[in-house]
Amino acid sequence: MKKFIALLVFVSASTMMYAQESNAAARRADRKAQRDAERAKLRAEEQVQDMAAYQQAVQALKNKQFVLEANQVIFRNGMSAFVTSNTNFVLMNGNRATVQTAFNTPYPGPNGIGGITVDGNSSDMKMNVDKKGNVNCSFSVQGIGISAQVFITMSNGSNNASVTISPNFNSKNQTLNGNIVPLDQSNIFKGRSW
């Protein structure tokens, strides 16, 4: 009889432990499903915001009223540096363009903020959108301190873009990566230009 009672207690305890483990597994599965649903919702919201930014950027390019606020500079030797977007930019306002770079150095540089600011007239702007929605834009900038070709590439679904500045008189190309924003939404600080 004692063996039967001990067996009954053992079976009851193991059944309760199994039930608790099943409940814990169900709770973990529910929490995982909730986290996955929240992540999917955040991804969907992010995609909607990115698409709205993309459409604004395309319209700003068409209107010739945009700023590419760069957060990374890639030099011709492949080295790169992260920079502040309000002092490193390519700006187009109608038929005027500005290219500015400013690095975090103790030297003020020609523009007073550690780099170079050049203004010029823009011309020959060509823009096309391929079948996938990727945007390619190019234009020339001619001024006292600059004579260059500017090539902008922006992927579909985001306002992230890359601009390559190719001077006409030397081979010191420079690439800036950042976001294209409409001119009226830009937050830039322009140094002394030459």
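Let's count Ala, Val, Leu, Ile, Met, Phe, Trp, Tyr, Cys and Pro as nonpolar, Asp, Glu, Lys and Arg as charged, and the others, Gly among them, as polar. With that split, the lining of the largest pocket comes out at 11 nonpolar, 8 polar and 2 charged residues. Keep in mind that what you're looking at is a predicted model.

So where does this pocket sit? Its volume is about 590 Å³. There are 21 lining residues, and the ones closest to the centre are Ile116, Pro167, Asn170, Lys172 and Gln174. If you'd rather find the pocket by its strands, look for β4 (96-102), β5 (115-129), β7 (147-154) and β8 (160-167), the elements that each give two or more residues to the lining.

From β4 it's a short hop along the chain to β3. These two strands form a hairpin with 2 residues between them. In that turn, Gly94 has a positive phi of about 70°. The strands run antiparallel, with 5 bridges joining β3 to β4.

On to the other partner of β3: strand β1 (residues 65-74) pairs with β3, also in the antiparallel sense and over 5 bridges. A handy residue to click on here is Leu91 in β3, which has Val67 standing opposite. Leu91 also has a bridge partner in β4, namely Thr98.

How many of the 5 residues of strand β3 are buried? Taking buried as under 20% relative accessible area, the count is 4 of the 5 in residues 89-93, so β3 is largely enclosed by the rest of the structure.

How values were computed
Residues are numbered from 1 along each chain as its sequence is written. This is a predicted model: local features need pLDDT of at least 70, side-chain atom pairs count only at pLDDT 80 or more; totals for chains, interfaces and linings use all residues. Side-chain values use heavy atoms; hydrogens and water are left out. On a 1 Å grid over the protein atoms alone, a cavity is a set of points where a 1.4 Å probe fits but cannot get out, and a pocket is an open set with protein on both sides within 12 Å along at least five of seven lines; lining residues have an atom within 4 Å of a point. Grid points are joined across faces, edges and corners, and a volume is the space filled by probe spheres set on the points. Buried means under 20% relative accessible area, exposed over 50%, partly exposed in between (1.4 Å probe, protein chains only). Two strands pair if DSSP finds at least two bridges between them.
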